[in-house]
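Dear colleague,

Please find below the structure that I am handing over to you. I would be grateful if you could keep it open while reading the notes that come after it.

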Amino acid sequence: NNTKNLQHYIFNNLKSLDNKDFNEITTKLNIETILDFSNQNTEGELIINLNKNKTLSEERKKISNNNSIYDNILLIFLSSTSRSHFQRGLPKLSKFISKLMSYEPFPTMTSYQFGKYKNFPFTMENIINIFYKKENNSQINSLKYFKENGYITGQVSDICDKNMNNKNIINWDHENFVMSCDPNYFNKKEFTVYERCLYGKPISEYMINYALQFWEKYKENKKYFRMSFNYGNEPTGNVIKYLDEPLYNMLWGLYNQGQLKNTAVIILSEQGNKN
């Protein structure tokens, strides 16, 4: 029901950009996702354009301090993906992480692999432990913490759920989940081994594009960004393999460009495949 309500809201609030300057109007209205049907030879093109909030950028710089362990946090969340399934389904990314543990030839990076920490057979119980800190019998929302400490926050998700695991309804500075609310993205076949696509491109391509734009446009700010992939939440166990090359290329590209300095990259899941 939540998904249907979001779909209804989003598609009843579409704004027409016919014969107008995309850049001008999208910046003015703070629109970051555009469906372009101007080319009659295609069935539509999805355009992602993250707009930097310059005022917010300067405000967060003023409250930022030097007490943080890391200047940037990149959190990659893989739903329903066990440790062994991660190594099996994403071999290239897994091998890259293992190489970092040897500390060569990456003298500026290293990695740590943690086994099961807190694991329950239900999503919400695990998510609460991941995204909330318990202190004095209360739960501190990590999103609230990062914003109050000068970080620009953002998230992108292939799950049509605006407030996923955000009990206190704290807004992200930037977020993109609307593409996953497009009815054309709905997977009508429960059992499928195929890539999850929208308007001719993998949904992961749009997500990574959004993440890279965020990383580049706020390169002078401290950043906290979360990517939520639902690729592992299907019964065949094969779909997650389509994330291997894209995620590897994204991290390797950021590293080569020097954009992972003083950055913690956290890859995690809430549980194994419950199917």
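The notes below go from the chain as a whole to its strands, cores, aromatic rings and loops.

Please bear in mind throughout that this is a predicted model.

**The chain as a whole**

The chain has 275 residues, of which 44% are buried. Its secondary structure consists of nine helices and 11 strands. Of the contacts between residues at least 6 apart in sequence, 70% join residues at least 24 apart. The accessible surface is about 15900 Å², and carbon and sulfur atoms account for 50% of that area.

**Strand β6 and its partners**

Strand β6 covers residues 151-157, and seven of its seven residues are buried. In a regular strand, side chains alternate between the two faces of the sheet. Both faces of β6 are covered. On one side are Tyr 151, Thr 153, Gln 155 and Ser 157, and on the other are Ile 152, Gly 154 and Val 156, all of them buried.

Which strands pair with β6 in the parallel sense? One is β10, which is joined to β6 over seven bridges; here Tyr 151 stands opposite Lys 222. Another is β7 (residues 174-176), which runs parallel to β6 and is joined to it by three bridges. Val 156 of β6 faces Asn 176 in that pairing, standing opposite it.

**Nonpolar cores**

The largest nonpolar core contains 42 residues, and Met 227 and Leu 247 have the most contacts inside it. At least two residues of this core come from each of β2 (45-48), β3 (72-78), α5 (91-101), β6, α8, β10 and α9. The element that gives the most is α8, with eight residues.

Leu 247 touches Ile 76, Leu 78, Leu 90, Leu 93, Ile 208 and Phe 229, leaving out residues up to four places away in sequence. A second core, separate from the one above, has 15 residues, among them Ile 73, Ile 127, Phe 131 and Ile 170.

Leu 251 belongs to helix α9, which spans residues 244-256. With a relative accessible area of 4%, Leu 251 is buried. Beyond its neighbours within four places in sequence, Leu 251 is in contact with Leu 74, Ile 76, Leu 93, Phe 96, Leu 260 and Val 265. Phe 96 is 155 residues away from Leu 251 in sequence, yet the two are 9.6 Å apart in space, C-alpha to C-alpha.

**Aromatic rings and charges**

How many aromatic pairs does a search of the whole structure find? The search finds 11. In one pair, the ring centres of Phe 146 and Tyr 151 are 4.9 Å apart and the planes are at 75 degrees, so the pair is edge-to-face. Both partners count as buried, Phe 146 because its relative accessibility is 13% and Tyr 151 because its relative accessibility is 3%.

In another pair, the rings of Tyr 210 and Phe 225 have their centres 6.3 Å apart and their planes at 45 degrees, so this pair is tilted. Tyr 210 lies in helix α8 (residues 203-217) and Phe 225 in strand β10 (residues 222-229), so the pair ties together parts that are 15 residues apart in sequence. Tyr 210 and Phe 225 are both buried.

Ring pairs also link Tyr 145, Phe 146, Tyr 151, Trp 172 and Tyr 224 into a cluster.

Charged side chains lie over rings as well. The charged end of Lys 223 sits over the ring of Trp 215, at 4.9 Å from its centre. Arg 196 lies over the face of Tyr 231, 5.8 Å from the ring centre.

**Backbone points to check**

Most residues other than glycine have a negative phi. Tyr 199, although not a glycine, has a positive phi of about 50 degrees. Tyr 199 is in the loop between β8 (197-198) and β9 (201-202), and it counts as partly exposed because its relative accessibility is 21%.

Asn 262 is not a glycine either, and has a positive phi of about 50 degrees. Asn 262 is found in the loop between α9 and β11 (263-268). Its relative accessibility is 38%, so Asn 262 counts as partly exposed.

With kind regards

Methods
Residues numbered from 1 in each chain as written. Predicted model: local features only at pLDDT ≥ 70, side-chain atom pairs only at ≥ 80, totals over all residues. Heavy atoms only, no water. Helix = DSSP H or I, 4+ residues; strand = E, 2+ residues; numbered from the N terminus. Buried < 20%, exposed > 50% of the residue type's maximum accessible area, 1.4 Å probe, protein only. Contact = heavy atoms within 4.5 Å. Areas by Shrake-Rupley, 256 points an atom, 1.4 Å probe, with all protein chains shown as cover. Phe/Tyr/Trp six-rings, centres within 6.5 Å; stacked < 30°, edge-to-face > 60°. Lys NZ or Arg CZ within 6 Å of the ring centre and 35° of its normal. Pairing = 2+ DSSP bridges. Core = buried A, V, L, I, M, F, W, Y, C linked by side-chain atoms within 4.5 Å.
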